[in-house]
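The exercises below are to be worked with the sequence and the model side by side. Each task is followed by a solution in steps.

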Amino acid sequence: MSVINSFRLDGRVAIVTGGAGGIGRIYGRALAEAGASVVLADLDGAAASEEAAKFSADGHGAIGIAVDITDPAAAAAMATATIERFGGIDILVNNAALMAEIPRSTLTELPLEWFERVMRVNVMGAVVCAKAVKASMIERGRGRIINQVSAGAFQAGGIYGISKLALVSVTVDLARELGPRGVNVNAIAPGLVEDDAGFRALEQRPDAERRRRVDHAALNGRPPPGAPRRPTGAAAPYERSIRSKAASMAAARRS
Ligand SMILES: NC(=O)c1ccc[n+]([C@@H]2O[C@H](COP(=O)([O-])OP(=O)(O)OC[C@H]3O[C@@H](n4cnc5c(N)ncnc54)[C@H](O)[C@@H]3O)[C@@H](O)[C@H]2O)c1
């Protein structure tokens with residue numbers, strides 16, 4: 001058997017939250033091309049369905065679903081619809097988040113309602129979705145949850161960075177809770193990705209060019225300064241996170 005075949009995801013079922021967005025739909029596409037059935041779940045249900053229709057037209061199993069990840073009933077409905085359509089859930093990519101829409105401001109000047117809103121979506125939303133899918137994963141005896149963090153978690157990234165660092169902590173906690181039950185939980189932390197949201201976030205910063213160079217040189221190593229990652233490139237570490245046996249071993253060590 002070719003080594004590449006051991007990385008296939010045929011028969012697996014994946015939910016990607018924020019699946020109508022820039023990176024989410026790229027992740028969804030990567031999963032579909034690896035053989036998984038994919039549910040693109042997004043606040044913008046129409047855009048998610050439109051994107052899923054493109055996957056289907058290319059011969060992949062895919063549906064789009066409207067969900068607000070902060071709403072437990074909506075997340076439960078997302079899980080139910082996935083199980084009804086594809087028979088279960090193996091993979092959850094907690095990708096939906098607020099980023100470009102957050103006002104750029106110092107932490108002490110940020111209106112407090114934004115503090116609450118960002119933590120609610122970027123942190124609580126991931127837990128709400130994990131809660132919604134865990135029963136199916138445990139029942140199947142396997143699962144993968146990948147939390148989309150950000151390089152912004154490890155620098156002064158305002159409320160966005162704070163929320164992403166909290167999501168690192170959520171990842172460790174969920175890994176400890178669910179690892180022993182066969183559900184492997186990991187996070188990945190991309191640097192700036194060259195998509196709409198990435199550029200909108202960057203351009204709102206007063207020192208955009210300097211930040212771009214610093215972020216990429218210090219945090220990514222590559223691509224070189226001035227050349228943000230393209231969304232397709234962003235899928236690579238995430239695919240490894242889902243598929244690698246090393247990831248399973250890491251979960252086992254944490255448990
Ligand atoms: N773009 C970058 O440079 C970059 C870098 C590192 C990490 N990230 C992370 O990658 C992920 C995707 O970012 P993106 O650039 O594609 O952003 P994006 O804004 O294009 O996509 C985010 C998607 O999440 C959806 N969403 C927002 N709130 C939601 C909610 N409550 N319920 C359901 N869906 C909701 C939006 O509708 C949107 O489709 C985010 O977690 C972001 O923090 C992005």
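**Exercise 1: The surroundings of helix α3**

The buried residues of α3 are covered by elements that include β1 (13-17), β2, β3 and α4. Helices here are DSSP runs of H or I with at least four residues, strands are runs of E with at least two, and both are numbered from the N terminus. The model is a predicted one, in which local features need pLDDT of at least 70, side-chain atom pairs count only at pLDDT 80 or more, and totals for chains, interfaces and linings use all residues. Residues are numbered from 1 along each chain as its sequence is written.

Task: Determine which residues of α3 are buried and where they lie around the axis.

Solution.

Step 1. Compare the expected and actual span. Helix α3 has 15 residues (72-86), which at 1.5 Å a residue should span 21 Å, and its end C-alpha atoms are 21 Å apart, in agreement. The expected span is 1.5 Å times one less than the number of residues.

Step 2. List the buried positions. They are A75, M78, A79, T82 and F86. A residue is buried if 20 or more other C-beta atoms lie within 10 Å of its own, exposed if 12 or fewer, and partly exposed in between, with C-beta atoms placed from the backbone.

Step 3. Look down the axis. The buried residues of α3 fall within an arc of 95°, so they line one face of the helix. The arc is that of the directions from the helix axis to the C-beta atoms.

Step 4. Turn to the other face. The face of α3 turned away from the buried side carries the exposed residues A73, T80 and E84.

Step 5. Follow the chain onward. After α3 comes G87, with a positive phi near 95°.

**Exercise 2: Helix α2 and its crossover**

Task: Describe the burial of α2 and state the hand of the crossover from β2 through α2 to β3.

Solution.

Step 1. Inspect the burial pattern. A48, E51, A52 and F55 are the buried residues of α2. They cover an arc of only 100° around the axis, which puts them on the same side of α2. A46 and A57 are exposed on the other side.

Step 2. Identify the cover. Elements over the buried residues of α2 include α1 (22-33), β2 (37-42) and β3 (62-66).

Step 3. Examine A48. This residue is buried, with 29 other C-beta atoms within 10 Å. Leaving aside neighbours within four places in sequence, A48 is in contact with G19, A20, L40, A41, D42, G64, I65 and A66. Contact requires C-beta atoms, placed from the backbone, to lie within 7 Å.

Step 4. Examine the strands. β2 and β3 pair in the parallel sense over 5 bridges, where pairing requires at least two DSSP bridges between the strands. The bridge partner of L40 in β3 is G64. The chain crosses from β2 through α2 to β3 in a right-handed β-α-β crossover. Right-handed here denotes that, with the strands pointing away from the viewer, the path from the first strand over the helix to the second runs clockwise.

**Exercise 3: Core and distant partners**

Task: Find which members of the largest nonpolar core touch the most other members, and examine two buried residues, I159 and A97.

Solution.

Step 1. Locate the core. A14, I15 and V38 touch the most other members among its 62 residues. A nonpolar core is a set of buried Ala, Val, Leu, Ile, Met, Phe, Trp, Tyr and Cys residues joined through C-beta atoms within 7 Å. Helix α4 (residues 112-140) supplies the largest share of this core, 10 residues.

Step 2. Examine I159 in helix α5 (residues 158-178). I159 is buried, with 21 other C-beta atoms within 10 Å. The C-alpha atoms of I159 and W114 are separated by 8.2 Å, although the two are 45 residues apart along the chain.

Step 3. Examine A97, in the loop between β4 (91-94) and α4. A97 is buried, with 29 other C-beta atoms within 10 Å. Beyond neighbours within four places in sequence, A97 is in contact with G18, V121, N122 and Q148. The C-alpha atoms of A97 and V121 are 6.0 Å apart, with their positions 24 residues apart along the chain.

Step 4. Set these cases in the whole chain. Of contacts between residues at least 6 apart in sequence, 69% join residues at least 24 apart.

Note on methods
Two residues are in contact if their C-beta atoms, placed from the backbone, lie within 7 Å.
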